[in-house]
Amino acid sequence: MTTVTPAQAHLHLRADATYPFDARGVAKRFRHAAIIGALDVLQRGEAMEFINDHDPLPLLDQLRSRYGDRLDWAYLEREPRMVRIRFSKKG
């Protein structure tokens, strides 16, 4: 797994790259749209490490409905004020 720095994020340097997405810096009313937009442009095999200040259960339901089995996710950290989820694009 290769983690890509923010300066490299737009380059798609490797098919197995993991791109960071820190939702804490995005206004709450834009978060779902921004996250979906980021996931939409991930290519097959790429991943996004999502960071948030709360457990995004409504978002996960929305993603399950939108992507079905084309998107995998796993919690990397699940604390009250810090949640990290790795989203992987399958196709």
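A salt bridge here is a side-chain nitrogen of Lys or Arg within 4 Å of a carboxyl oxygen of Asp or Glu. By that rule, this predicted model holds eight salt bridges. Some of them link distant parts of the chain, such as D53 with R31 and D40 with R66. E49, E77 and R84 are joined into one network by salt bridges that share partners. Aromatic side chains add three pairs and a cluster of F21, F50, W73 and F87.

**Salt bridge R24–D22**

- R24 and D22 meet through their side chains in a salt bridge, at 2.7 Å from N to O.
- R24 is partly exposed because its relative accessibility is 40%, between the 20% and 50% limits.
- D22 is also in the partly exposed class, with a relative accessible area of 35%.

**Salt bridge D53–R31**

- The closest N and O atoms of D53 and R31 are 3.3 Å apart, and the two residues form a salt bridge.
- This pair bridges distant parts of the chain, with the two positions 22 residues apart in sequence numbering.
- D53 sits in the loop between β3 (47-52) and α2 (57-67), whereas R31 belongs to helix α1 (residues 31-41).
- R31 is buried, because its relative accessible area is 7% and the cut-off for buried is under 20%.
- D53 has a relative accessible area of 27%, so D53 counts as partly exposed.

**Salt bridge D40–R66**

- The side chains of D40 and R66 form a salt bridge of 2.9 Å, N to O.
- D40 is in helix α1 and R66 is in helix α2, so this pair links parts of the chain that are 26 residues apart.
- D40 is partly exposed at a relative accessible area of 38%.
- R66 is partly exposed too, at 42% relative accessibility.
- Elsewhere, salt bridges with shared partners connect E49, E77 and R84 in one network.

**R84 and its surroundings**

- R84 is placed in strand β5 (residues 82-89).
- With a relative accessibility of 24%, R84 counts as partly exposed.
- The side chains of R84 and E49 are joined by a polar contact of 2.8 Å.
- R84 and I51 lie 33 residues apart in sequence, but their C-alpha atoms are 4.6 Å apart in space.
- Beyond its neighbours within four places in sequence, R84 contacts E49, F50, I51, A74, Y75, L76 and E77.
- Two residues in that contact list, E49 and E77, are also partners of R84 in the salt-bridge network.

**Aromatic side chains**

- The model has three aromatic pairs.
- In one of them, F21 and F50 have ring centres 6.3 Å apart and planes at 25°, so the pair is stacked; the limit for stacking is under 30 degrees.
- F21 lies in strand β2 (residues 17-22) and F50 in strand β3, so the pair ties together parts 29 residues apart in sequence.
- F50 is buried, with a relative accessible area of 0%.
- F21 is buried as well, at 13% relative accessibility.
- F21 and F50 belong to one aromatic cluster with W73 and F87.
- F50 is also among the contacts of R84.

**A charge over a ring**

- R78 lies over the face of Y75, at 4.0 Å from the ring centre.
- Y75 is also one of the residues in contact with R84.

Methods: Residues are numbered from 1 along each chain as its sequence is written. This is a predicted model: local features need pLDDT of at least 70, side-chain atom pairs count only at pLDDT 80 or more; totals for chains, interfaces and linings use all residues. Side-chain values use heavy atoms; hydrogens and water are left out. Helices (H or I, at least four residues) and strands (E, at least two) are DSSP runs, numbered from the N terminus. Buried means under 20% relative accessible area, exposed over 50%, partly exposed in between (1.4 Å probe, protein chains only). Contact means heavy atoms within 4.5 Å. A polar contact is a pair of N or O atoms within 3.5 Å; within protein, one must be able to donate a hydrogen and the other to accept it, and residues adjacent in sequence count only if both atoms are side-chain atoms. Rings of Phe, Tyr and Trp (its six-membered ring) pair if their centres lie within 6.5 Å; planes under 30 degrees apart count as stacked, over 60 as edge-to-face and the rest as tilted. A charge sits over a ring if NZ of Lys or CZ of Arg is within 6 Å of the ring centre and within 35 degrees of the ring normal.
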